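Biologist: I would like a close look at the charged side chains of this model and their surroundings. Please take one part in detail and then place it in the rest of the chain.

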Amino acid sequence: QVQLVESGGGLVQAGESLRLSCAASGRIFSINAMGWYRQAPGKQRELVAAIASSGSTNYADSVKGRFTISISRDNAKNTVYLQMNSLKPEDTAVYYCHADPRWGSDYWGQGTQVTVSS
């Protein structure tokens, strides 16, 4: 099992920044990639950014140039960060940490609310 604990959401004004953190513990050796998804009211959950074990990254077109995903690793824990700059009202959503294991079902965090006011 992998446990994901998110932090860092909140309410900001347009143009400001936030950093989300997701601490992964447990069977972290089984994780192939980690990332962030978001879901706005009435919309489907969508990929925001992901980072593979190789270090390669992938971003949604809507956040390219504004958001940066990174990861830190130690023996017991992986922490994935999402630095969000130049936030827009359309970035408002619940953000979910995601872990893609090499085998078994995906893992999801509990979600953290990001609200950007205009």
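To begin with, does Asp61 count as buried or exposed? Please go on from there to the other salt bridges.

Modeller: This is a predicted model, and what follows should be read as a description of that prediction. Asp61 counts as exposed, because its relative accessibility is 66% and the cut-off for exposed is over 50%. Its side chain meets that of Lys64 in a salt bridge, with N and O 3.1 Å apart. The count of salt bridges in the model comes to 4.

Asp91 gives another picture. With a relative accessible area of 1%, Asp91 is buried, since buried means under 20%. Its side chain meets that of Arg38 in a salt bridge, at 3.0 Å from N to O. This pair links distant parts of the chain: Arg38 is in strand β4 (residues 31-39), Asp91 is in the loop between β8 and β9, and 53 residues separate them. Arg38 is buried, as Asp91 is.

Asp91 also forms a salt bridge with Arg66, where the closest N and O atoms are 2.8 Å apart. Arg66 belongs to the loop between β6 (57-59) and β7 (67-73) and Asp91 to the loop between β8 and β9, so this salt bridge ties together parts that lie 25 residues apart in sequence. Arg66 has a relative accessible area of 10% and is therefore buried. Through shared partners, salt bridges join Arg38, Glu46, Arg66 and Asp91 into one network.

The loop that carries Asp91 has another residue to note. Ser86 is placed in the loop between β8 (77-84) and β9 (93-101). Its phi is near 50°, which is a positive value in a residue other than glycine. Ser86 is partly exposed, because its relative accessible area is 41%.

Strand β8, which precedes that loop, holds Val80. Val80 is buried, because its relative accessible area is 0%. Apart from neighbours within four places in sequence, Val80 is in contact with Leu20, Ser21, Cys22, Met34, Trp36, Ile51, Ile69, Ser70, Ile71 and Cys97. From Val80 to Val2 the C-alpha atoms are 14 Å apart, with their positions 78 residues apart in sequence.

Next, the nonpolar interior. The largest nonpolar core has 31 residues, and those that touch the most other members are Leu4, Met34, Trp36, Leu82, Met84 and Tyr95. At least two residues of this core come from each of β1 (2-7), β3, β4, β5 (46-52), β7, β8, β9 and β11 (112-117). In soluble globular proteins, nonpolar side chains tend to be buried together.

Last, a buried polar residue. Ser30 is in the loop between β3 (18-26) and β4. At 3% relative accessibility, Ser30 is counted as buried. A polar atom of the Ser30 side chain lies 2.6 Å from the backbone oxygen of Arg27. With neighbours within four places in sequence left aside, Ser30 contacts Val2, Asp100, Pro101, Arg102 and Trp103.

How values were computed:
Residues numbered from 1 in each chain as written. Predicted model: local features only at pLDDT ≥ 70, side-chain atom pairs only at ≥ 80, totals over all residues. Heavy atoms only, no water. Helix = DSSP H or I, 4+ residues; strand = E, 2+ residues; numbered from the N terminus. Buried < 20%, exposed > 50% of the residue type's maximum accessible area, 1.4 Å probe, protein only. Polar contact = N/O pair within 3.5 Å; in protein donor to acceptor, adjacent residues only side chain to side chain. Contact = heavy atoms within 4.5 Å. Core = buried A, V, L, I, M, F, W, Y, C linked by side-chain atoms within 4.5 Å.
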